[in-house]
Amino acid sequence: FLLFCEDKMPKFGLFLRMETEGLQTLTTSSDMRWYMKFRFSSGEETDKAVYVCGEEEVEHIRSTTNLMITDKLTKKPATVDIVKGSVAEFDCDNAQQWQRVVTFECRGIEPIEFVQGAGFTAESPEGTKFEVDMSDDWSEFDEKSGEPVGVYSVEAKFELVR
C-alpha cells in the first residue's frame, strides 16, 4: 500500500555562515527582499537575481504566492513562498557553523544562488544596532563598547529540508 496523495512542495533552507566581530545577532524584517537565482524544473535558469518577499503576494489559481515566475522554455508558471515562521535569527556566537535563516517552499523551481545584499540588522552585545549590507565585507565601530564590529567572508548554500 503506497500513499500517492501527498502533494507537498519541496522546501529549501537558506543556510549562512560567516566570520563576525563584536556582534551578537543578525536579523531581518518581515519585508526583507531575498534575492536569488533560480533553476526551473526544465533546467532553464533565471538570467538575473529575482527577489521573494514575505509581505508581497500575487494571485495564482485559487490562492496567493509570494513569487510567481514563468519558465521561458516551457511557458509554465513556477511559484515560491516563504514558509511562515521560518525566518530565523543568525547567532553570531556560532557564526562559523551553517545556520538556517529562512525556508522557501517551491513548485517547479529551485533556488541555486543567494545574492547577498542589504536588509540585515546586526546587534552588538551592548544593544547597538547596525544596518548591514552583506554584498561585501562590512565593518563599523561600536561607540558603546569602543570596539570594532564586522561581518566578513559570508557563505551561503541551499539545502532541501523537511
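Is Trp 138 buried or exposed? At 10% relative accessibility, Trp 138 counts as buried, and that puts it on the inner side of the 20% cut-off. The model is a predicted one, and the rest of this passage walks through its fold, its strand pairings, its rings and its one cavity.

Starting with the overall picture, the chain is built from strands: 15 of them, with 0 helices. Taken along the principal axes, the C-alpha atoms fill a box of roughly 60 × 40 × 25 Å. Of the 162 residues in the chain, 37% are buried. Looking at contacts with a separation of 6 or more, 60% of them involve residues 24 or more positions apart.

Strand 10 turns up in two of the pairings. Strand 1 (residues 11-21) runs antiparallel to strand 10 (residues 99-107), and 6 bridges join the two. On that side, Phe 15 stands opposite Arg 100 of strand 10. Strand 8 is joined to strand 10 as well, again in an antiparallel arrangement, this time through 4 bridges. Here Ile 82 has Phe 104 in strand 10 as its bridge partner. As a rule, side chains in a regular strand alternate between the two faces of the sheet.

Thr 79 gives a closer look at strand 8, which covers residues 77-82. With a relative accessible area of 6%, Thr 79 is buried, because the cut-off for that label is 20%. Leaving out residues up to four places away in sequence, Thr 79 touches Met 9, His 60, Thr 65, Leu 67, Met 68, Glu 105, Cys 106, Arg 107 and Ile 109. Among these contacts, Glu 105, Cys 106 and Arg 107 fall within strand 10, residues 99-107.

Next come the rings. A search of the whole structure finds 6 aromatic pairs. One of them joins Trp 34 and Phe 120 edge-to-face, at 6.0 Å centre to centre and with 90 degrees between the planes. Trp 34 sits in strand 3 (residues 33-40) and Phe 120 in strand 12 (residues 120-123), so this pair ties together parts that are 86 residues apart in sequence. Both partners are out of the way of solvent by the accessibility criterion: Trp 34 counts as buried at 2%, and Phe 120 counts as buried at 4%. Another edge-to-face pair is made by Phe 130 and Trp 138, with 5.7 Å centre to centre and 65 degrees between the planes. Phe 130 is buried at 9% relative accessibility, and its partner Trp 138, the residue of the opening question, is buried at 10%. Ring pairs also link Trp 34, Phe 104, Phe 114, Phe 120 and Phe 158 into a cluster. Phe 104 in that cluster is the residue already met as the bridge partner of Ile 82.

What about empty space inside the model? The structure holds 1 cavity of 30 Å³ or more, and the volume of the largest cavity is about 40 Å³. Its lining consists of Leu 16, Leu 26, Thr 27, Thr 28, Trp 34, Ala 88, Phe 90, Val 101 and Phe 120. Strand 2 (residues 25-28) supplies the largest share of that lining, with 3 residues. By residue type, the lining divides into 7 nonpolar, 2 polar and no charged residues. Trp 34 and Phe 120 appear in this lining, and they are also the partners of the edge-to-face pair at 6.0 Å.

Notes
Residues numbered from 1 in each chain as written. Predicted model: local features only at pLDDT ≥ 70, side-chain atom pairs only at ≥ 80, totals over all residues. Heavy atoms only, no water. 1 Å grid on protein atoms, 1.4 Å probe; cavity = no way out; pocket = protein on both sides within 12 Å on 5 of 7 lines; lining within 4 Å. Points joined across faces, edges and corners; volume = space filled by probe spheres on them. Nonpolar A, V, L, I, M, F, W, Y, C, P; charged D, E, K, R; others polar. Buried < 20%, exposed > 50% of the residue type's maximum accessible area, 1.4 Å probe, protein only. Contact = heavy atoms within 4.5 Å. Phe/Tyr/Trp six-rings, centres within 6.5 Å; stacked < 30°, edge-to-face > 60°. Pairing = 2+ DSSP bridges.
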